[in-house]
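Notebook open, viewer running. I want to walk through this chain and jot down what I look up as I go.

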Amino acid sequence: MSEVDREIEDAYGPLDDAAVQPQSRRRREFAPWHHPVKQVVRARQWAEQIERLIGDGHVTRGVLRYLTLPGADMMDARYIGGRLRSRGDGPFKLEVFGFDRSAGDTDGPGSPGEEALAALRQDQLATMESKLRVGQIEEIAVDGSVAQRQLQDAGAFDVINLDACSHLCCDAPGEARTLFAALQKLMVHQLQRRDPWLLFVTTRAAAGDFRGHGADTLKSIVKQNIEHDGPAFIDGLRAVTGLDQQDGGASAAWAADGELFLKMFTVGLGKHLLHFFNNQIGRSARVDLTSVFGYRVSGDEPDMLALAFRVSPRDDQPVTAARVAAVAVPQPEIEEIKRMLRRAACFRNLDSGIETMTEVRTTAIREQAELLAAANYPIEGWVEWLKTHNVRPMDCAWILQDAQA
């Protein structure tokens, strides 16, 4: 078991058995994504942003093409699929393309992921074309790999949901198969899309584990903006960090833990995406940070970050090979950077939100219970699990009375 898995297990209880035990036993184990705080992310970030994308007319054929990293019970797809089915402007289905790391060496109809996907098809939430690939999404970073070829054959997606329990930027030296490298490949892959699309990134984020190529990239892109854009960027950083320092508080934020680091991570990743998509000749795109959530996995400070980005390709004219050398590469507009900084400053701490906002908490508990019941988990056991939760305990016995009523 990795150090990250051990930390998560300490916070939430055992994880590994849920993926490998037979169905009758597996459904008695609970995992991090079964906590109501995760349901707030599903409902208030993922589903809301997807519904806006559909409402703007950018999803065609009544099918949402959705790349995901599903758990064994595919609760993200089940919840989003249910929201889409209940829309008043016509039902939508998910066409799922998933990297099912929970399946281990078990492939085919008997694997937990395939069972969950079959249930989604049966409930008319997912299309028959939906598929799971057993393995890790990091494999797409390897040129010529089977995973990369399957991704290329799949075409562009309406939504990419990188919902990871691990760190996006915690690379071992020289490691090619990393989540950050996979994100880079997905950014290139999506250049073929000409309609707006969504990118969700959920990642562990702590200063002590921020290292490797991904971390260096984010730090470097922020440093470049500090040096090149001067006061305009630095003033925006000060608003994000709340620190009145020469570099806008960047150096202190990278070294901190908790909300300050999460905000700085958001700025770095957002700026990285903005720089990439703004500088594609003939394929540039506007990048908007639309939602920033954080919550705790272990310890007293938020160390999990959930981000939503909307990428809107511009109506650029294609550039012929003969004209490439004569075309100036556009630089990100300072107004776009300012907009990204303003959104990063709107960080929402879900720990405090779920404690103080009764309606949010009640809705999240009720929706999470419905998802668990649909996946054959015992609600009584879940209530006990939540009551003794190491990080975010909740007393929600009232949900049992609601179920009986």
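Below are my entries, going from the whole chain to single residues.

**Entry: the whole chain**

I started by noting that this is a predicted model. I then counted the secondary structure and got 17 helices and eight strands in the chain. For burial, I found that 56% of the 405 residues are buried. I also looked at contacts with a separation of 6 or more, and 76% of them join residues 24 or more positions apart.

**Entry: helix α4**

Next I pulled up α4, which runs over residues 36–55 and has 20 residues. Its first and last C-alpha atoms are 27 Å apart, close to the 28 Å expected at 1.5 Å a residue. I checked for a bend too, and found one of about 30° at A47. How much of α4 is covered? I counted 15 of its 20 residues as buried, so I put it down as mostly covered, given that buried means under 20% relative accessible area. Just after the helix I noted G57, with a positive phi of about 80°.

**Entry: positive phi outside glycine**

Having seen the glycine, I went looking for positive phi in other residue types. M74 came up, with phi near 50°. It sits in the loop between β1 (63–68) and α5 (75–85). Is M74 buried or exposed? Its relative accessible area is 0%, so I logged M74 as buried.

I logged N376 as well, a residue other than glycine with a positive phi near 70°. Its loop is the one between α15 (358–374) and α16 (379–387).

**Entry: α10 against α12**

Two packed helices are described by the angle between their axes and the distance between the axes. I looked up both for α10 (residues 231–241) and α12 (residues 259–278): the angle is about 145° and the axes are 10 Å apart. The crossing of α10 past α12 is right-handed. Which residues make the contact? From α10 I listed F233, L237, V240 and T241, and from α12 L260, K263, M264 and V267. Sorted by type, the residues of this contact are six nonpolar, one polar and one charged.

**Entry: S220 and Q184**

I then turned to pairs far apart in sequence. S220 is in helix α9 (residues 212–229). Its C-alpha is 8.6 Å from that of G268, with the two positions 48 residues apart in sequence terms. I have S220 as partly exposed because its relative accessible area is 32%.

Q184 belongs to helix α8 (residues 179–189). I paired Q184 with F276: 92 residues apart in sequence, 9.5 Å apart C-alpha to C-alpha. Q184 has a relative accessible area of 24%, so I entered it as partly exposed.

**Entry: R283**

R283 is in the loop between α12 and β6 (285–295). How far apart are the C-alpha atoms of R283 and L191? I read 6.6 Å, for residues 92 apart along the chain. Leaving out residues up to four places away in sequence, I found R283 touching L191, Q192, R194, F277 and D316. With a relative accessible area of 37%, R283 goes down as partly exposed.

**Entry: V311**

Last stop was V311, in strand β7 (residues 304–313). I checked its accessibility and got 1%, so V311 counts as buried. Its partner on my list was R193, 118 residues away in sequence and 9.9 Å away in space, C-alpha to C-alpha. Which residues is V311 in contact with, leaving aside its neighbours within four places in sequence? I wrote down D195, P196, W197, F277, A285, R286 and V287. I spotted F277 in this list, and F277 is also among the residues that R283 touches.

Technical notes. Residues are numbered from 1 along each chain as its sequence is written. This is a predicted model: local features need pLDDT of at least 70, side-chain atom pairs count only at pLDDT 80 or more; totals for chains, interfaces and linings use all residues. Side-chain values use heavy atoms; hydrogens and water are left out. Axes are lines fitted to C-alpha atoms, for helices over the stretch in contact, and angles run from 0 to 180 degrees between N-to-C directions. Helices (H or I, at least four residues) and strands (E, at least two) are DSSP runs, numbered from the N terminus. A crossing is left-handed if the near helix is turned anticlockwise from the far one by less than a right angle, and right-handed if clockwise. Contact means heavy atoms within 4.5 Å. Ala, Val, Leu, Ile, Met, Phe, Trp, Tyr, Cys and Pro count as nonpolar, Asp, Glu, Lys and Arg as charged, and the others, Gly among them, as polar. The expected span of a helix is 1.5 Å times one less than its number of residues. The bend at a residue is the angle between axes fitted to the seven residues ending there and the seven starting there. Buried means under 20% relative accessible area, exposed over 50%, partly exposed in between (1.4 Å probe, protein chains only).
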